[in-house]
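Open the model in your viewer and keep the sequence panel beside it. This tour goes from stop to stop, saying what to select and what is there.

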Amino acid sequence: MPLPSILANKKLFLLLACLFLFPSQGLAHKIRVFAWVSGDTVTVESGFADNRPLIKGEITVIDNKKGTVLLQGIGDENGIFTFAVPDQARAEASDLLIIVSGGEGHQNQWLIPATEYLPQGDGSTPETMPSLPPAASPASSAEVDNSKLKQLIAEVLEEQLAPIRRSLAKAEEKKPTINDILGGIGYLIGLAGLAAWLKNRRPKGQQDK
Amino acid sequence: MHISEGVLTAPVLIGGAVLTAVGTTVGLKKLDYDRIMTVSLLSAAFFVASLIHVPVGPGSVHLLLGGLLGLLLGWGAFPAIVVALLLQAVFFQYGGIVVLGVNGFNIGGPAVLCGLSLRPLLKGSKKQGMTAGFLAGCCSMLLSALLMAGALFFSDQGFLHAAVILLTSHLPVMLIEGLITMFVVGFLARVQPEILSLDTRK
């Protein structure tokens, strides 16, 4: 068998060991997308997993309900692309699916649920709330102020939270770990073992007949 | 070198899957079971090689070692590459399960083609062997890039744009890949000549 002879050969073993040690450099071959909403604008940041920005990536925003393309654009040198939430999407409260393509077959996507860009609780309550008690003026003004305040707080919070969410997204990005690599190699050697076993089993089966 | 999920259209995906299924079947049929461990080790090398990336311009490219597998394994490179690609898709999210067929053919096809056509050179002098190694590494990557551009073209992703990006960004790595394949072949010729010659009896 070639395996023991390969392992016995120190030079070849070193060569293979070098191949296996290289991955500590990490990967840069998957596009990482992150998008966040602040007020009315959506900012899309795209880059490679090793934190280099994706320069001039093609960005497509799709209405996730109907599948129609809402807008298209090209990111800048820092991998940043900003756009205003399209009125069409706002009117229909549809989720925005942002697809970033690197132009060489690499792409990734990020979904912005409608709840992220619509004012909090926009569905039906806020529109009816101010119109319901038009008579009681002090109470209604207090409520309007409350809802304005809420909106303001939400906006400020969103601004403050954006960087945190960004680093969270980065932290969640799955990088190949040594476990993945060793697991994969284990699979391959296991498969070889399986194939060898199947091969060796065959003559015995024939003998049984 | 891996096309992501969701880029290609259904006909391209199906075509790639059919071609890869054929290639894998032929590869498994022609596989010499005494060499199963070599196939597995080279498959592992291919699996890991994609993590070695070279930053080029706006993107980055990585080693493939397809040419090396083709040279050493012949048709056996096809199943080795497909299995490694499957594991890469599962573990690293490189490529994907649905595009496995297209990626498998894009990388496996050129590897087998270059390997089979250049292998006779391995029997020759040391220089010829090294040349075969360099050409196998270089050409398999070039053909893979062209096939990728073709797959993107048939999915209306703009052939010219993609082809220019792919070819220019892969030029340096083609050279690196060629050199690495050349040195590995030269090295094997010196220390483990049986690995190079075992399969040539077929």
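**Stop 1: an aromatic pair in chain B**

Select B:Phe47 and B:Phe92. Both residues are buried. Bear in mind that this is a predicted model. Now show the two rings. B:Phe47 and B:Phe92 form a stacked aromatic pair, with 5.1 Å from centre to centre and 25° between the planes. Colour the helices next. B:Phe47 sits in helix H2 (residues 36–49) of chain B and B:Phe92 in helix H4 (residues 77–92) of chain B, so the pair links parts that are 45 residues apart in sequence.

Widen the selection to A:Tyr187, B:Phe91 and B:Tyr94. Together with B:Phe47 and B:Phe92, these residues form one aromatic cluster. The cluster takes in A:Tyr187 from chain A.

How many aromatic pairs does a search of the whole structure find? The count is 8 over all chains. One of them is the next stop.

**Stop 2: an aromatic pair in chain A**

Select A:Phe34 and A:Trp36. Their ring centres lie 5.4 Å apart and their planes meet at 25°; planes under 30 degrees apart count as stacked, so this pair is stacked. Are these two residues buried or exposed? A:Phe34 has 3% relative accessibility and therefore counts as buried. A:Trp36 is buried too, at a relative accessible area of 10%. The cut-off for buried is under 20%.

**Stop 3: the three-strand sheet**

Stay in chain A and switch to cartoon. Select strands E1, E2 and E5. They form an open sheet of 3 strands in the order E1-E2-E5, with antiparallel pairing. Strand E1 (31–38) and strand E5 (80–84) are the edge strands, each pairing on one side only. From one strand to the next, the twist averages 20°.

Take the pairings one at a time. E1(A) and E2(A) run antiparallel and are joined by 8 bridges. Zoom in on A:Val37: opposite it, in E2(A), stands A:Val42. Then move to the turn. The hairpin of E1(A) and E2(A) has 2 residues between the strands, and A:Gly39 in the turn shows a positive phi of about 65°.

Cross to the other pairing. Strand E2 (residues 41–48) of chain A and E5(A) are joined by 5 bridges and run antiparallel. Pick A:Glu45 here; its bridge partner in E5(A) is A:Ile80. Finish with E2(A) as a whole. Of its 8 residues, 7 are buried, so E2(A) is largely enclosed by the rest of the structure.

**Stop 4: strand E3 and its partners**

Select strand E3 (residues 58–63) of chain A. Here 5 of the 6 residues are buried, so E3(A) is largely enclosed by the rest of the structure.

Add strand E4 (residues 69–74) of chain A. E3(A) and E4(A) pair in the antiparallel sense over 5 bridges. Label A:Ile62 and look for its bridge partner in E4(A), which is A:Val69. The hairpin of these two strands has 5 residues between them. Select A:Gly67 in that hairpin: its phi is positive, near 80°.

Last, add strand E6 (residues 96–101) of chain A. E6(A) runs antiparallel to E3(A), and 6 bridges join the two. Which residue in E6(A) is the bridge partner of A:Asp63? Select A:Leu96 to see that partner.

Terms used: Residues are numbered from 1 along each chain as its sequence is written. Chains are lettered from A and ligands numbered from 1 in the order in which they are written. This is a predicted model: local features need pLDDT of at least 70, side-chain atom pairs count only at pLDDT 80 or more; totals for chains, interfaces and linings use all residues. Side-chain values use heavy atoms; hydrogens and water are left out. Buried means under 20% relative accessible area, exposed over 50%, partly exposed in between (1.4 Å probe, protein chains only). Helices (H or I, at least four residues) and strands (E, at least two) are DSSP runs, numbered from the N terminus. Two strands pair if DSSP finds at least two bridges between them. Axes are lines fitted to C-alpha atoms, for helices over the stretch in contact, and angles run from 0 to 180 degrees between N-to-C directions. Rings of Phe, Tyr and Trp (its six-membered ring) pair if their centres lie within 6.5 Å; planes under 30 degrees apart count as stacked, over 60 as edge-to-face and the rest as tilted.
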